[in-house]
Amino acid sequence: MADAQDLANEHFSTLLVEERGDRMVVLLNRPDVRNAIDQQMVDELHVVCAALEQNPRVLIIAGVDGVFASGADISQLRERRRDDALQGINSTLFVRIAKLPMPVIAALDGYCLGGGAELAYAADFRIGTPSVRIGNPETGLGILAAAGASWRLKELVGEPVAKQILLAGLVLRAEEALALHLITEIHEAPLLMEAAHNLADRIGRQDPLAVRITKSVFHAPAEAHPLVDQLAQGILFESPAKFDRMQAFLDRKADKKAQEAANQADGKKN
C-alpha cells in the first residue's frame, strides 16, 4: 500500500496525478477509449485511495480530452463471468472513494456513462460543463448498473427519474442534471477545473477535522442519529481548532464593534 510520499514515484499508465498541499487532482487518462474504466485504472485508483486514506486531502477527479468516462471497458466486461461479478471490482473501488476522509469533487465533461456515472455518483460534489451526458445504459448491454447506481441514484435524483435512467436508458443532459441537482454547477469547459479548485478552496477554508467528521456523520445510518452527532460534537468541542476559530470570530466581532464605535465618535465630532 503506497503512502502519500510514494505517489511521486508511482508510474500510472491510466491516470495523471497532481499533488498539492491540501488536495490531489486525478485525471482519468485513456483518451483512445474515452477514458473507459479498465482493471488497470481500478488498480491505480486504489493506490490513490490508499494515499488519501493515510494523508487525507480533497480529491478532484476529472477526465482528459473533453470526456469524464464513457463507462467500464466493454472489451473486459464482455469476458467477465459470475465470479468476477461477485468480486465487485468497480463497486468496491467506488465505495472506497465515497468513504475517503475528505470530500471528493467530480468535474464532469462530455460522456459520463455507465461505470463513469457510478464513479461520479460516489463523489460528494459533481460539477459539469454544458456538454455533459450522464446516465446508465447497462440494461441495453444485458447487464445492470451494479457499482452503486442501483441504490445511490434514487437518493440523488429520486425514484421516478432513477428508474427512467436505470430501466429505460435515459441519459441526462447538463441542464437536466442541474435541475435534478445531480450536478450543482455548470461551467464552460475551459473554466471547469478552475471551478473545481474554487470549490476545493472553499472546503479548504473550513477546519479539516470538522469537515472529516461532518462527512462521516452525514453518511452514518439513520439509526445512528442523534447519538453519533453528539459523540462527534464531543470530539470537536475538545479540538484546539474549535477554540482558536471561535476566539478569532469573537475577536473579529469585537474589532468590528470597536471600529463602528470609533466611526460614530468621529461623526459626532464633525
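**A walk through the predicted model**

Let me begin with strand β2, which is mostly covered, since five of its six residues are buried, where buried means under 20% relative accessible area, exposed means over 50% and partly exposed lies in between, using a 1.4 Å probe and protein chains only. What you see is a predicted model, in which local features need pLDDT of at least 70 and side-chain atom pairs count only at pLDDT 80 or more, while totals for chains, interfaces and linings use all residues. Residues are numbered from 1 along each chain as its sequence is written, and side-chain values use heavy atoms, with hydrogens and water left out.

Now the chain as a whole. Twelve helices and nine strands make up its elements; these are DSSP runs numbered from the N terminus, with helices being H or I of at least four residues and strands being E of at least two. Of the 270 residues in the chain, 40% are buried, and the C-alpha atoms fill a box of roughly 85 × 40 × 40 Å along the principal axes.

Let me return to β2 and its surroundings. There is an open sheet of six strands, in the order β1-β2-β3-β4-β6-β9 and with mixed pairing, where two strands pair if DSSP finds at least two bridges between them. At the edges stand β1 (15-19) and β9 (185-186), each of which pairs on one side only. On one side, β2 pairs with β1 in the antiparallel sense over five bridges, with Val 17 having Val 26 of β2 as its bridge partner, and a hairpin of three residues joins β1 to β2. With β3 (residues 58-63), β2 (residues 23-28) pairs in the parallel sense over six bridges; here Val 25 has Ile 60 as its bridge partner, and Leu 27 stands opposite Ala 62.

Which helix lies across β2, β3, β4, β6 and β9? That is α9 (residues 192-204), which runs at about 165° to β4 (104-108), the angle being taken, on a scale from 0 to 180 degrees, between N-to-C directions of axes fitted to C-alpha atoms, for helices over the stretch in contact, and contact meaning heavy atoms within 4.5 Å.

I will finish with the pockets. A pocket is an open set of points on a 1 Å grid over the protein atoms alone, where a 1.4 Å probe fits and protein lies on both sides within 12 Å along at least five of seven lines, and its lining residues have an atom within 4 Å of a point. The largest one holds about 750 Å³ of space, a volume being the space filled by probe spheres set on the points. Its lining has 25 residues, and Ala 98, Asp 124, Lys 215, Phe 218 and His 219 lie nearest the centre. Helix α10 gives the most to this lining, with seven residues, and the lining divides into 15 nonpolar, three polar and seven charged residues.

How many residues line the second largest pocket? There are 27, of which Ala 72, Leu 77, Arg 80, Ile 143 and Leu 144 lie nearest its centre, and the elements giving two or more residues to that lining are α2 (74-79), α3 (82-87), α4 and α5 (115-121). The volume of the second largest pocket is about 650 Å³.

Methods:
Nonpolar A, V, L, I, M, F, W, Y, C, P; charged D, E, K, R; others polar.
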